[in-house]
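The following exercises concern the fold, the sheet and the aromatic pairs of one protein. Please work through each task before reading its solution.

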Amino acid sequence: ANPDLRPALVRLPTEAEWVAAAGGAEPNERYPWEMPGKVTPDLKDILSRANVYESKINRTTPVGMYPLGVSQPFQLWDMAGNVWEWQANYHDKDHDVLALRGGSWSLDHDYARLSGRLSVHPGLVWSNGGFRVVACPSLV
């Protein structure tokens with residue numbers, strides 16, 4: 001949205017950055033569209049906000065299809081469901097698999113919560129992964 005942005009670095013977010021962009025992890029069961037302290041219990045309401053397994057779409061959807069699902073308070077799209085997003089850190093201390101966040105169309109709605117995490121080897125070819133980037137501006 002900023003035509004004057006000239007990023008000096010474009011990279012994957014860390015899990016901590018991703019969770020912060022999704023509005024924070026408290027409570028752990030919340031979805032990105034909820035304000036902190038709120039949890040959406042109704043599946044019909046969740047399905048109006050995210051492309052998850054129960055939607056039965058069985059593929060990714062275009063960004064913008066779920067306007068009710070934008071994250072709070074930063075208004076980021078598709079942070080829950082659609083595709084698992086690669087993170088710039090390892091999933092565990094063994095440093096053999098990367099972490100992913102956000103859930104996808106291929107797993108149920110519980111994985112789209114902020115507490116949802118997945119680990120996948122970076123060399124694996126699969127259809128429900130994607131990425132979001134952080135653009136760091138130049139200091140000049």
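The model is predicted, so local features need pLDDT of at least 70 and side-chain atom pairs count only at pLDDT 80 or more, while totals for chains, interfaces and linings use all residues. Residues are numbered from 1 along each chain as its sequence is written, and side-chain values use heavy atoms, with hydrogens and water left out.

**Exercise 1.** Determine the order of the secondary structure elements and assess the compactness of the protein.

Solution. Step one: the protein has two helices and six strands (DSSP runs, helices being H or I of at least four residues and strands E of at least two, numbered from the N terminus). Step two: from the N terminus on, these elements follow the order β-α-α-β-β-β-β-β. Step three: the radius of gyration is 15 Å, close to the 14 Å that the globule rule gives for 140 residues, so the protein is as compact as a globular protein of that length. Here the radius is taken over C-alpha atoms, and the rule is 2.2 Å times the number of residues to the power 0.38.

**Exercise 2.** Establish the strand order of the open four-stranded sheet and identify its edges.

Solution. Step one: the order is 4-3-2-5, with mixed pairing (two strands pair if DSSP finds at least two bridges between them). Step two: strand 4 (117-120) and strand 5 (129-130) are the edge strands, as each pairs on one side only. Step three: strand 3 (residues 98-101) pairs with strand 4 in the antiparallel sense over four bridges. In this pairing, Ala99 stands opposite Ser119 of strand 4.

**Exercise 3.** Classify two of the three aromatic pairs in the structure, and state the burial of their residues.

Solution. Step one: rings of Phe, Tyr and Trp (its six-membered ring) pair if their centres lie within 6.5 Å; planes under 30 degrees apart count as stacked, over 60 as edge-to-face and the rest as tilted. Step two: the ring centres of Tyr31 and Trp33 are 4.6 Å apart with planes at 5°, so this pair is stacked. Tyr31 is buried at 0% relative accessible area, and Trp33 is buried at 6% (buried means under 20%, exposed over 50%, partly exposed in between, with a 1.4 Å probe and protein chains only). Step three: the ring centres of Trp86 and Trp126 are 6.3 Å apart with planes at 85°, so this pair is edge-to-face. Trp86 lies in strand 2 (residues 84-90) and Trp126 in the loop between strand 4 and strand 5, so the pair ties together parts 40 residues apart in sequence. Trp86 is buried at 14%, whereas Trp126 is partly exposed at 24%.
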